[in-house]
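Colleague: Could you take me through the empty spaces and the packed interior of this model, one question at a time?

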Amino acid sequence: RSVGILGTYDNQSNKIKQRIMYYGLDKKFNLYLMSSKNSPKMNQILLFPEVSFIVYSLENPYDNSWEIEVEGKVSILKDEKEINAALIILKDRNPFANVTYESSIINQFNFIHLNPKIVKFSIYGKTLKGNPPYILQL
């Protein structure tokens, strides 16, 4: 199971903050995340919704290892149907989603949709040979 790293801007420190997060992904490269309400990352997202998200997978052999970088804008899901759909995508990928799904504590979390603008995909074996990443602009 891979996890991702979310990059947000913190206006109090004037720095980029990064956190490891579980994610869900649909067929259109939309990413779904969940976070406790009022967490520092939620406050940062609400002020500056432009974020980056990186997923990395170490493979054997190393040349098959890959990385996906997504740049886009996040929004907080409000609609119950959208939240439930995100929860289903996150279920079995995020242990908090499983607990939330089973115990109906949805109101303790924000569900986040990352709408991708740019998706970059790299395979390390190709990168080491000088090939640029595949870039998809949406």
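**Cavity, pocket and core**

Colleague: Which element gives the most to the lining of the largest cavity, with how many residues?
Modeller: This is a predicted model, in which local features need pLDDT of at least 70 and side-chain atom pairs count only at pLDDT 80 or more, while totals for chains, interfaces and linings use all residues. Residues are numbered from 1 along each chain as its sequence is written, and side-chain values use heavy atoms, with hydrogens and water left out. Helices (H or I, at least four residues) and strands (E, at least two) are DSSP runs numbered from the N terminus, and the element that gives the most to this lining, with three residues, is E7.

Colleague: How much space lies in the largest cavity?
Modeller: On a 1 Å grid over the protein atoms alone, a cavity is a set of points where a 1.4 Å probe fits but cannot get out, and lining residues have an atom within 4 Å of a point. Grid points are joined across faces, edges and corners, and a volume is the space filled by probe spheres set on the points. The largest cavity therefore has a volume in this sense, and its space is about 30 Å³.

Colleague: Where is Pro132, one of the residues that line this cavity, and is Pro132 buried or exposed?
Modeller: Pro132 is found in the loop between H4 and strand E8 (134–137). Buried means under 20% relative accessible area, exposed over 50%, and partly exposed in between (1.4 Å probe, protein chains only). Because its relative accessible area is 63%, Pro132 is exposed.

Colleague: How much space lies in the largest pocket?
Modeller: A pocket is an open set of grid points with protein on both sides within 12 Å along at least five of seven lines. Among the residues that line the largest pocket are Lys37, Ile83 and Phe111, and helix H2 (80–90) and E7 each supply at least two residues of this lining. The space in the largest pocket is about 180 Å³.

Colleague: Which element gives the most to the largest nonpolar core?
Modeller: A nonpolar core is a set of buried Ala, Val, Leu, Ile, Met, Phe, Trp, Tyr and Cys residues joined through side-chain atoms within 4.5 Å. Of the 18 residues in the largest one, Leu6, Leu33, Ile45, Phe53, Ile112 and Leu114 touch the most other members. Strand E4 (31–36), helix H1 (40–47), strand E5 (50–57), strand E6 (66–76) and E7 give two or more residues to this core. The element that gives the most, with five residues, is E6.
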